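Let us work through a few exercises together, one small step at a time. Have the sequence and the 3D view ready, and try each task before you read its solution.

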Amino acid sequence: MILAQAFLRLELPEAHSLKGRRQVVNSLKDRLKAFNISVLDISGSYPKEAEIALAWLAHDPRQSAQIRQSIERLLERRFSEYLWELEVEEI
């Protein structure tokens with residue numbers, strides 16, 4: 001069994017308020033939950049940056065890699081206008 005934790009950092013240059021950032025983050029969180037993973041917004045108070053913590057369980061490293069690839073494809077397809085960085089650690 002693989003436990004993976006990830007941190008997703010987003011730069012949101014067009015978000016001018018916390019409300020604008022929250023709209024983007026909530027949309028992203030809703031889409032990520034379709035992968036049956038845990039999602040938590042851990043952003044600070046700066047509206048132009050967001051940080052999201054992710055966690056999932058997988059039966060083996062291959063399944064964990066598939067989940068990670070699915071997340072990256074979602075980010076590339078739906079949130080390509082934002083700079084993002086995904087850092088994953090498997091236990």
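**Exercise 1.** Decide whether Arg 68 counts as buried, partly exposed or exposed, and find out which residue meets its side chain in a salt bridge.

*Solution.* Keep in mind that this is a predicted model.
- Step 1: Arg 68 has a relative accessibility of 31%. Buried would need a value under 20%, and exposed a value over 50%. Arg 68 therefore counts as partly exposed.
- Step 2: The side chain of Arg 68 meets that of Glu 72 in a salt bridge, at 3.2 Å from N to O. Glu 72, at 22% relative accessibility, also counts as partly exposed.
- Step 3: Now look at where the two sit. Both belong to helix α2 and are four residues apart, so about one helical turn separates them.

**Exercise 2.** Find the salt bridges of Arg 9, and say how far apart in sequence the partners are.

*Solution.* A general thought helps first: side chains of opposite charge can pair when their charged atoms come close.
- Step 1: The structure holds three salt bridges. In one of them, Arg 9 meets Glu 51, with 3.5 Å from N to O. This pair links distant parts of the chain, with Arg 9 in strand β1 and Glu 51 in strand β3, 42 residues apart.
- Step 2: Arg 9 also forms a salt bridge with Glu 87, whose closest N and O atoms are 3.5 Å apart. Since Arg 9 lies in β1 and Glu 87 in β4, this pair ties together parts that are 78 residues apart in sequence.
- Step 3: Put the pieces together: Arg 9, Glu 51 and Glu 87 are linked in a network of salt bridges.
- Step 4: Check the accessibility. Arg 9 is partly exposed at 30%, Glu 51 is partly exposed at 22%, and Glu 87 is partly exposed at 41%.

**Exercise 3.** Work out the order of the strands in the sheet, and explain why β2 and β4 each have one side without a neighbour.

*Solution.* Remember that strands of a sheet pair through backbone hydrogen bonds, either parallel or antiparallel.
- Step 1: Four strands make an open sheet, with the order β2-β3-β1-β4 and antiparallel pairing.
- Step 2: β2 (38–41) and β4 (83–90) are at the edges with a single partner strand each, so one side of each lacks a neighbour in the sheet.
- Step 3: On average, neighbouring strands are turned by 15 degrees against each other, direction ignored.
- Step 4: Zoom in on one pair. β1 (residues 2–11) and β4 are joined by eight bridges in the antiparallel sense, and Arg 9 has Glu 85 of β4 as its bridge partner.

**Exercise 4.** Which strands does helix α2 lie across, and is Arg 21 buried or exposed?

*Solution.*
- Step 1: Helix α2 (residues 61–78) lies across β1, β3 and β4, and runs at about 170 degrees to β4.
- Step 2: Arg 21 lies in helix α1. Its relative accessibility is 9%, so Arg 21 counts as buried.
- Step 3: Look at what surrounds it. Beyond its neighbours within four places in sequence, Arg 21 is in contact with several residues, including Leu 12, Tyr 46 and Glu 49.

**Exercise 5.** Find the residues that share a nonpolar surface patch with Leu 57.

*Solution.*
- Step 1: Leu 57 is found in strand β3. With a relative accessible area of 56%, Leu 57 is exposed.
- Step 2: Together with Met 1, Leu 3 and Ile 91, Leu 57 forms the patch, which has about 450 Å² of accessible area.

Notes
Residues are numbered from 1 along each chain as its sequence is written. This is a predicted model: local features need pLDDT of at least 70, side-chain atom pairs count only at pLDDT 80 or more; totals for chains, interfaces and linings use all residues. Side-chain values use heavy atoms; hydrogens and water are left out. Two strands pair if DSSP finds at least two bridges between them. Helices (H or I, at least four residues) and strands (E, at least two) are DSSP runs, numbered from the N terminus. Axes are lines fitted to C-alpha atoms, for helices over the stretch in contact, and angles run from 0 to 180 degrees between N-to-C directions. Contact means heavy atoms within 4.5 Å. Patches are made of residues with over 30% relative accessible area and no salt bridge: like charges are joined within 9 Å, nonpolar side chains (Val, Leu, Ile, Met, Phe, Trp, Tyr) within 5 Å. Accessible areas come from the Shrake-Rupley method with a 1.4 Å probe; for residues, only the protein chains shown count as cover. A salt bridge is a side-chain nitrogen of Lys or Arg within 4 Å of a carboxyl oxygen of Asp or Glu. Buried means under 20% relative accessible area, exposed over 50%, partly exposed in between (1.4 Å probe, protein chains only).
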